[in-house]
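Student: Could you pick one part of this model and walk me through it slowly? I would like to see how the pieces fit together.

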Amino acid sequence: MKLYGYWRSTAAYRVRIALHLKGIAFESISVHLVKNGGEQHHSTYSELNPNQLVPTLVDGDFSLNQSLAIIDYLEQTTSANALYPKEAKSRAKVHALALDIACEIHPLNNLRVQQYLTNSLNITDEAKQLWVEYWMNVGFIAIEKQLASSAGLYCFANTVSVADICLVAQVYNAHRFNVDMSAYPIINKIVKNCNELPAFINALPENQSDAQ
């Protein structure tokens, strides 16, 4: 398998964690999101992924974008270390929390949103910081409340799931933007527990070959 990504991409980070948890060997191919006008916009990559976003997974002659779709594909094709519960209601709860993070929090602080705020709306750095802090806190407040009734070592009891994958990557992003996470003790505990596991350590942005 080949994973086209970028070391600091939150979505690519999710997929790296899943691949390592599943024990799947893969080749990382860097798509620099800033250099040369953003390599994701170059024709060679945009032909592979017309959305011009990372990650993209290539498995033989099959390619797939969107991190949660990729993780679901890995779940369906590799039985080791399930990332979703088998029971329908539990699976739906795990999936919902992952979507709360991947669809409600992450897109509002993604690179292309940041670039639009700067380049098209002339938003100052200070205003952008307030934007990021506001929307991350809106999301984290809700997630902290949900985790109060479901968390053990991880988001749902004591088994790592796709919800933990999404949470760890998003909290890393929050720290990058200097968001104050002190109001979220359950989230912080879960992230700490996850980041002690080898799969999460191996997937850390700073541990990637293209890290800067």
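Tutor: Let's look at where the two domains meet: the C-alpha centres of domain 1 and domain 2 lie 20 Å apart. Domain 1 covers 2-81 and domain 2 covers 88-199, with bounds from an automatic or database domain assignment. This is a predicted model, in which local features need pLDDT of at least 70 and side-chain atom pairs count only at pLDDT 80 or more, while totals for chains, interfaces and linings use all residues. Residues are numbered from 1 along each chain as its sequence is written, and side-chain values use heavy atoms, leaving out hydrogens and water.

Domain 1 brings 17 residues to the contact and domain 2 brings 20 (contact means heavy atoms within 4.5 Å). The area buried between them is about 1600 Å², and carbon and sulfur atoms give 69% of that (this is the accessible area, with a 1.4 Å probe, that the two parts lose on being put together, summed over both).

One salt bridge crosses this interface (a side-chain nitrogen of Lys or Arg within 4 Å of a carboxyl oxygen of Asp or Glu). The side chains of arginine 91 and aspartate 72 form a salt bridge, at 3.1 Å from N to O. Arginine 91 belongs to helix 4 and aspartate 72 to helix 3, so the pair ties together parts 19 residues apart in sequence (helices are DSSP runs of H or I, at least four residues, numbered from the N terminus). Arginine 91 is partly exposed at 28% relative accessibility, and aspartate 72 is partly exposed at 26% (buried is under 20% relative accessible area, exposed over 50%, partly exposed in between, with a 1.4 Å probe and protein chains only).

Helix 3 takes part in another salt bridge, where glutamate 75 meets lysine 22 of helix 1 at 2.8 Å, N to O. Glutamate 75 counts as buried at 13%, and lysine 22 is buried at 5%.

Now for the nonpolar side. The largest nonpolar core has 52 residues, of which Phe140, Leu167 and Ile187 touch the most other members (a core is a set of buried Ala, Val, Leu, Ile, Met, Phe, Trp, Tyr and Cys residues joined through side-chain atoms within 4.5 Å). Helix 7 gives the largest share, nine residues, and each of the two domains supplies at least three. Phenylalanine 140 is one of the buried residues of helix 6. Leaving aside neighbours within four places in sequence, its contacts include Ile105, Leu167, Val171 and Ile187.

Technical notes. Helices (H or I, at least four residues) and strands (E, at least two) are DSSP runs, numbered from the N terminus.
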